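Let's take a walk through this protein together, one stop at a time. Have the model open beside the text and turn it as you read.

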Amino acid sequence: MRAIAGSDQLSVVTLPDPEPGSDEVVIDVAAAGVNRADLLQRKGLYPPPPGAVDTLGLEVSGRVSAVGDHVSAWHVGDEVCALLAGGGYAEKVAVPAVQVLPKPAAVDLVSAAALPEVACTVASNVFDVGHLQPGELLLVHGGSSGIGTHAIQLAHAVGARVAVTARNSTKLERCRELGADILIDYTSDDFVEVIRESGGADVVLDIMGAKYLEQNVKALNTGGRLVIIGMQGGVKAELSIGALMTKRASVFGTTLRARPVTGTGSKAEVVETTRRLTWPRIDAGEVSPVIDSTFPLAEAGAAHERLDSGDAIGKVLLTLD
Ligand SMILES: NC(=O)c1ccc[n+]([C@@H]2O[C@H](COP(=O)([O-])OP(=O)(O)OC[C@H]3O[C@@H](n4cnc5c(N)ncnc54)[C@H](OP(=O)(O)O)[C@@H]3O)[C@@H](O)[C@H]2O)c1
């Protein structure tokens with residue numbers, strides 16, 4: 001599926017079937033996750049990295065239908081999900097074998113499409129970069145987002161306390177059900193005040209960027225880690241170096257899509273970390289996909305509108321017959 005501009009401009013087109021490269025597998029797609037980045041790409045604001053297909057879609061679930069000559073980890077018929085650089089809104093997609101994860105036994109094949117982006121983002125940022133420890137306080141901005149609903153569950157499962165921000169009580173109540181301990185309505189409450197009263201945040205997972213930079217640093221504990229993964233509130237802001245130094249705090253920024261396939265800091269490393277850290281928690285039923293809604297691929301425009309509405313809680317998926 002290709003796209004330009006408005007959600008009504010999304011159209012299904014016929015393309016040649018992908019062939020696996022020697023280190024790739026082809027997946028017959030059961031479902032694809034819809035991500036905020038897809039909405040930006042649709043509008044021309046988030047071009048695919050060099051070499052990636054320009055079809056939308058950063059994650060899928062499905063069955064392996066072909067494997068490259070050098071691939072031994074996967075076989076035709078395996079039920080899997082995968083992190084992609086693009087191309088997921090399709091019947092078939094070719095993906096490097098190192099970006100594939102097994103479908104967890106406790107999760108059905110369609111729902112598994114809700115996992116790769118959120119699981120890889122949370123494992124790499126909250127744990128690999130942010131080093132969240134049991135007993136520490138994690139602040140998650142946008143607790144009801146795809147990323148947020150996963151972060152709450154995983155942090156709760158490892159014994160951390162979790163604070164979330166969201167826009168209304170319906171969203172906050174869902175966050176509480178998922179394991180959040182501290183609920184902050186960002187439309188009426190000052191999150192810095194609430195977090196300070198709760199002892200300060202050891203890790204902040206931020207999606208707002210510039211808009212929250214100063215407040216996030218204020219909310220951090222001594223030795224705190226601010227991990228910025230989104231720029232929904234802008235890209236440029238002033239940072240008080242003094243506040244950072246006094247707290248011996250750190251600020252990190254990361255992306256997933258632009259990482260190389262293999263090597264240091266690669267998607268392969270992130271996928272491996274995620275499989276080791278998160279997959280046992282999913283198998284144990286401590287972490288589950290949180291799915292807001294599913295749409296057929298042909299209704300991808302409506303799926304984009306649902307995510308854009310601000311009403312979604314968790315992931316929006318596209319399904320293929
Ligand atoms: N860097 C990376 O590797 C990476 C990977 C994946 C995703 N991301 C980023 O992570 C973010 C979430 O992604 P997603 O796919 O889960 O998106 P999503 O489900 O569409 O969520 C967007 C979230 O933004 C929240 N939000 C908007 N204004 C806010 C504010 N002022 N304060 C707090 N929260 C606010 C919304 O909460 P309310 O509805 O309550 O307002 C909503 O939960 C996006 O910015 C995305 O680009 C980054």
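In which strand is H141 found? The place to look is β6, which covers residues 137-141. Please keep in mind throughout that this is a predicted model. H141 counts as buried because it has 28 C-beta neighbours inside 10 Å, where 20 or more are enough for that label. Setting aside residues up to four places away in sequence, H141 touches T165, L205, D206, I207, M208 and Y212. For a sense of scale, pick out E269 as well: E269 is 128 residues from H141 along the chain, and their C-alpha atoms are separated by 25 Å.

Now step back to the overall layout. The domain assignment splits the protein chain into domain 1, made of residues 7-115 + 289-319, and domain 2, residues 119-253. Between the C-alpha centres of domain 1 and domain 2 there are 28 Å. Where the two touch, six residues come from domain 1 and seven residues from domain 2. The side of domain 1 that meets domain 2 has four nonpolar residues, one polar and one charged. There is also a record to lay over this picture: an unreviewed UniProt entry carries the annotation "domain: Enoyl reductase (ER)" for residues 6-318. Across residues 6-318, helix makes up 28% of the chain and strand 25%, while the end C-alpha atoms are 18 Å apart.

With the domains in view, turn to the ligand. The shell around the ligand draws residues from both domain 1 (7-115 + 289-319) and domain 2 (119-253), so the ligand lies between them. There are 28 residues around the ligand, and those that come nearest are G142, S145, G146, R167 and G230. By class, the shell around the ligand holds 10 nonpolar, 14 polar and four charged residues. Which elements each supply at least two residues of this shell? They are α1 (36-42), α2 (116-129), α3 (146-157) and β7 (161-166). Of the elements, α3 gives the most to the shell around the ligand, with three residues.

Helix α2 deserves a closer look. Is α2 mostly covered or mostly uncovered? It is mostly covered, as 12 of the 14 residues in α2 are buried. Among the buried residues of α2 are P116, E117, C120, N125 and F127. V118 also lies in helix α2, and V118 is buried because 28 other C-beta atoms are within 10 Å. Leaving out residues up to four places away in sequence, V118 touches G146, I147 and H150. Compare that with L101, which is 17 residues from V118 in sequence and 13 Å away in space, C-alpha to C-alpha.

Follow the chain onward and you reach H131, just after α2. H131 is found in the loop between α2 and β6. Although H131 is not a glycine, it has a positive phi of about 50°. H131 counts as partly exposed because it has 14 C-beta neighbours inside 10 Å. A second residue to visit is R248, in the loop between α7 (241-246) and β11 (250-253). Phi of R248 is near 50°, a positive value in a residue other than glycine. Is R248 buried or exposed? R248 counts as exposed, because it has 11 C-beta neighbours inside 10 Å.

Our last stop is the interior. In soluble globular proteins, nonpolar side chains tend to be buried together. Here the largest nonpolar core has 94 residues, of which I27, V60, A82, L138, A163, V164 and A201 touch the most other members. Strand β1 (residues 24-34) gives the most to this core, with eight residues. Domain 1 (7-115 + 289-319) and domain 2 (119-253) both give residues to this core, so the core lies between them. To see one of its well-connected members up close, select V164. Leaving aside neighbours within four places in sequence, V164 is in contact with V140, G143, G148, I152, L172, C175, A180, L183 and I184.

Terms used
Residues are numbered from 1 along each chain as its sequence is written. This is a predicted model: local features need pLDDT of at least 70, side-chain atom pairs count only at pLDDT 80 or more; totals for chains, interfaces and linings use all residues. A residue is near a molecule or strand if its C-beta atom, placed from the backbone, lies within 6 Å of it. Helices (H or I, at least four residues) and strands (E, at least two) are DSSP runs, numbered from the N terminus. Ala, Val, Leu, Ile, Met, Phe, Trp, Tyr, Cys and Pro count as nonpolar, Asp, Glu, Lys and Arg as charged, and the others, Gly among them, as polar. Domain bounds come from an automatic or database domain assignment. UniProt positions are given in the numbering used here, feature names are shortened, and annotations may be inferred rather than shown by experiment. A nonpolar core is a set of buried Ala, Val, Leu, Ile, Met, Phe, Trp, Tyr and Cys residues joined through C-beta atoms within 7 Å.
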